[in-house]
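Please take a moment to look over the sequence and the model before reading on. The paragraphs below go from the inside of the protein to its ligand.

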Amino acid sequence: MKGMDNEGKTRDHSLTVTTELVLPNDANLLGNLLGGRLLHWIDIAGALAASRHSGGIVATIRMDPVEFKHPIYVGNIVSLTSYVTWTGRTSIETAVDTYAEDVLTEEKRFINKIYLIFVALDQNGAKRITPPLIPKTDEERREWAEAAARRGKK
Ligand SMILES: CC(C)(COP(=O)(O)OP(=O)(O)OC[C@H]1O[C@@H](n2cnc3c(N)ncnc32)[C@H](O)[C@@H]1OP(=O)(O)O)[C@@H](O)C(=O)NCCC(=O)NCCS
């Protein structure tokens with residue numbers, strides 16, 4: 001099966017692309033996407049990757065601090081690429097890369113990269129063990145090492 005490696009799974013297994021269209025109801029009075037709406041989309045995108053990796057239910061336990069330095073406008077297409085960067089026993093770190101695209105000019109802008117932690121849960125809401133992530137490339141090993149350093153783990 002795609003992305004399976006013995007007991008563990010590769011990044012490919014969790015890689016998820018979510019696409020949203022910014023509508024007037026998503027925006028403030030200047031026509032800029034609301035920060036809370038983007039956070040919601042980021043949370044869902046991260047959860048999809050963590051859920052695909054772990055093969056079940058996950059709950060968000062942490063979202064890294066977020067800065068909104070680049071406005072996104074009504075009519076933009078927002079794409080969120082999410083994937084697992086690190087796994088612990090029951091916890092899973094995901095990264096979500098957000099881009100905004102102007103359909104008229106086809107300009108695509110990088111907005112931000114956010115790390116979130118999810119905990120794998122069973123049907124009763126109890127914590128469950130997650131399959132480990134198997135980093136394959138130098139970039140995936142670098143992401144793993146950086147995540148471990150953020151968590152104070154090896
Ligand atoms: C998810 C939940 C069941 C976990 O239970 P818990 O007793 O708090 O969990 P623990 O302290 O045992 O930690 C579980 C894992 O999360 C990790 N973790 C806990 N707090 C963390 C934090 N602030 N940052 C990063 N990792 C954290 C632990 O290191 C552990 O990882 P490991 O199993 O890989 O070693 C519980 O916190 C919960 O229900 N939270 C609410 C989730 C939710 O509703 N989220 C939506 C937003 S409201």
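Which residues does Trp41 touch, not counting residues up to four places away in sequence? In this model, which is predicted, Trp41 touches Glu20, Leu21, Val22, Asp26, Leu33, Val78 and Leu80.

Some of these names return when we turn to the nonpolar cores, where the largest has 21 residues, and where Leu33, Leu38, Trp41, Ile42, Ile72, Val78 and Leu80 are those with the most contacts inside it. Several elements contribute to this core, since at least two of its residues come from each of helix H2 (35-54), strand S5 (77-87), strand S6 (91-101) and strand S7.

Strand S7, which spans 108-121, also leads us to the ligand, as both S7 and strand S4 (57-63) supply at least two residues each to the shell around the ligand. The largest share of that shell, four residues, comes from S4. In total, 14 residues surround the ligand, and the closest are Thr60, Arg89, Thr90, Ser91 and Lys127. By chemical character, the shell consists of five nonpolar, four polar and five charged residues.

Individual atoms give a finer view of this site. A polar backbone atom of Thr60 is 2.8 Å from a nitrogen atom of the ligand, while an oxygen atom of the ligand lies 2.7 Å from a backbone N or O atom of Arg89. With Arg151 the side chain takes part, for one of its N or O atoms is 3.0 Å from a nitrogen atom of the ligand. On its own the ligand has 960 Å² of accessible area, and the protein covers 48% of this.

Technical notes: Residues numbered from 1 in each chain as written. Predicted model: local features only at pLDDT ≥ 70, side-chain atom pairs only at ≥ 80, totals over all residues. Heavy atoms only, no water. Near = heavy atom within 4 Å. Polar contact = N/O pair within 3.5 Å; in protein donor to acceptor, adjacent residues only side chain to side chain. Areas by Shrake-Rupley, 256 points an atom, 1.4 Å probe, with all protein chains shown as cover. Nonpolar A, V, L, I, M, F, W, Y, C, P; charged D, E, K, R; others polar. Core = buried A, V, L, I, M, F, W, Y, C linked by side-chain atoms within 4.5 Å. Buried < 20%, exposed > 50% of the residue type's maximum accessible area, 1.4 Å probe, protein only. Contact = heavy atoms within 4.5 Å.
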